[in-house]
Each structure stands twice: as C-alpha cells, then as structure tokens.
Amino acid sequence: MQVYGIDLSMEKFDVNYIDQNGQERKKEVKNKLKGISNFLATVPADAILCAENTGTYSDMLVFLSNQRGLRIALAPGYTIKHSLGMVKGKSDSVDARRVREYGERFQDKLIFNYYDREEIVELKSLYSLRSQLVKSRKILRTGEHSRSNVPMQSISVKKHTNQALAHLDEEIKEVEKEIEEIIKTDLELNENYELSVSIKGIGPVITTDLIIKTGNFKTIDTARKAASYAGVCPFPNESGKMVGKRKTSPFADRKLKALLYMGAKSAVKHNPEYRLYYQKKKLEGKPHYLIMNNVSNKMLRTIYSVVKNKTPYSLDYLCPDPRELKYSNGSSKKVA
C-alpha cells in the first residue's frame, strides 16, 4: 500500500512516495484548488495520504480528498518529529519523506480526517470572529483605563474610543445572534447545546467552544479524552521507586481550559453539587487550584453524561446536604 508523505505550507506542499518499482519519488504541488485536484487525480484509490497538521493550510486538501474518496490522516508535528529518533537537517522535501516514513511505520495509529459539514464550518468561522472582536474590545478598554489616570485627557480620543467600543459591542451581539441561529436551526447541534447549558455553570460560550472542538461530542467522544484535551486530567509521574506528583499535561487547549475554569468558578458559586464538592475538598486540605481543576474535570463528565443519556441536568437527582433541613417556606435549619 502506497503512503504519500506531505509537507504543507501556505503556497505549496511537497510530496514524497514510493512508486510501484520501489523508487522514491518527489513532487511539488501548489496548494490551490487546481493544483490539488490535478495531484489527487494521480493518486491510487487505495493509497493513504499522510500530512502534518498545520491548521487551515490543510483544509482544501482534506476537503478534496474526501470528495474523491481518498484516505487522509493529519498527524501532529510533535508526534512525527519524536517518532523517528534523532534526525539532522531540515527542508520541505526532507520533511515530506519523514512524514511518509511515519505513515508507513504507524499505519495502525493513523486517524483519518473528514472535513466538517457546512454548519460546523460556519460556526467555527463566526466563533473565531467573535474571539477576535472580544480581544479588540479588551485592548481598547485596557488603553482607555490607562489613559484615565493621565492629568490632561483628550476629548477627541475619548469620543472615538467610545464610538469604537459601542460598535464592537454591537458587532459582538450580532455575531452571537448568528451563532445562536446556526445552532437552533440544526436539530443535532441544538439538542446537545440545550443539554449542556442545562448544567449550572456551563454557559453558551463554553458550550459552543466544546461543540466546535469535540466535533459535537463525536470526534472527542468521551469525557476522559475531553479532559486530556483541555488539560484538566492529571497524569501519573512514576519511575521505579520514585513516585512524583501527578501533573496535567502542558500540551492542552489553554483557551478551553481557561473557559472551564471560569465555568467552575460559577458552578462552585451557584450549583449546590459543585459547592458541596468544593467545601469537602477544602476541608481535606486540598489547594484551591487543584480543587478547581477537579471541578472542571467533573463538569466535563457531567456534560458528556447528559449528552449521552439525552437527559437534561436536574438538581432533583442530587443527594441533599445532610447538614440542612429544607422547609416548604424556603427557610433552612442547620443540624449539628
């Protein structure tokens, strides 16, 4: 079976493969619609394309490969680099050969990629735009705050800043409205969205981020995988007699981890289940950030549970705090 190693870049990509006569072949392909189409027309139907995951540079290649029914796998550059031992030198053609060698040696570990459907692509684009607008608003607000301490302030700068902030607020609201419309018009997306936001502490932003990055809870299909991806799952650190402290991996989605932390803060404040969990761990002497990391992990397990069971989250299933007696008038009495 032929494996085509591909080193991607914005303008072009290098291809390395072994032909039917056992000879190593190289070619350079323009990373455009016409160039990719002409290249894929020469690839056998049973071949495997293996490329380094470089983000949007691979989108067109993945889309057209799916259209032609060709299998394509995108592997992380870190994984490829550290699977081949010590290597020296670097060039695009050499990198393509190394990607091919990785694909040939680890065919059983390759995960084939499929381009997202139109709704997910549109959702990703709008969500990315919202993040950029929010970042721009934050920069303007930070600059306005620093200028407020200057003895002599510019009225003109103040006016233009306020106009820009008002415009950004309006655009962010419009983008959020479009994101909500896309989710509501898709039955599957809307169902998982409503199930997730039924959990106190999980809001629209966290849910949208999870839907995008987990492929609507299908690509990353378990809470354990999601916790590892978000960096809230500790891994053992042991060797022989040495037993080190369990740590989370630095190779994680930091934005998702930050969002989960903010959600955990809200859950501890407003959700009785997580508040009791936090208090219990605090009494055990656990540090604050360790507990919040555990709360984030617990939240992910809850999200995947309600999505899998198609049952909204409900406080009625919680075991009440035995220290409190609830009365019908809403008052409570502590029990010693």
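1. Y115 is found in the loop that runs between helix 4 (92-105) and helix 5, and in this predicted model the residue counts as partly exposed, at 31% relative accessibility. A residue joins a patch only with over 30% relative accessible area and no salt bridge, a cut-off to keep in mind when reading the value of 31% for Y115.

2. The patch to which Y115 belongs is a nonpolar one on the surface, formed together with L33, M60 and F63. Taken together, these four residues have about 340 Å² of accessible area.

3. A second surface patch is one of negative charge, where E118, E122, E178 and E181 gather. Two helices contribute to this negative patch, since helix 5 (118-147) and helix 6 (155-185) each supply at least two of its residues. For a reader who is tracing the chain, helix 5 is also the element that follows the loop holding Y115.

4. Within the negative patch, E181 has its place in helix 6. Its relative accessible area is 47%, and E181 is therefore described as partly exposed, given that the term exposed is kept for values over 50%.

5. Helix 6 also holds T161, and here the reader may ask: is T161 buried or exposed? With a relative accessible area of 6%, T161 is buried, because buried means under 20%. Leaving aside residues up to four places away in sequence, T161 touches L140, E144 and R147, and the span given for helix 5, 118-147, takes in these three positions.

6. Turning to the backbone, F217 deserves a careful look, as its phi is near 65°, a positive value in a residue other than glycine. F217 is found in the loop between helix 8 (204-213) and helix 9 (223-230), and at 7% relative accessibility this loop residue counts as buried.

7. Where else does phi take a positive value in a residue other than glycine? K310 is one such position, with phi near 55°, and K310 lies in the loop between helix 12 (288-309) and strand 10 (324-326). Unlike F217, which counts as buried, K310 is partly exposed, with a relative accessible area of 43%.

Terms used: Residues are numbered from 1 along each chain as its sequence is written. This is a predicted model: local features need pLDDT of at least 70, side-chain atom pairs count only at pLDDT 80 or more; totals for chains, interfaces and linings use all residues. Side-chain values use heavy atoms; hydrogens and water are left out. Patches are made of residues with over 30% relative accessible area and no salt bridge: like charges are joined within 9 Å, nonpolar side chains (Val, Leu, Ile, Met, Phe, Trp, Tyr) within 5 Å. Accessible areas come from the Shrake-Rupley method with a 1.4 Å probe; for residues, only the protein chains shown count as cover. A salt bridge is a side-chain nitrogen of Lys or Arg within 4 Å of a carboxyl oxygen of Asp or Glu. Lys and Arg count as positive and Asp and Glu as negative; His and the chain ends are not counted. The place of a charge is taken as NZ of Lys, CZ of Arg, CG of Asp or CD of Glu. Helices (H or I, at least four residues) and strands (E, at least two) are DSSP runs, numbered from the N terminus. Buried means under 20% relative accessible area, exposed over 50%, partly exposed in between (1.4 Å probe, protein chains only). Contact means heavy atoms within 4.5 Å.
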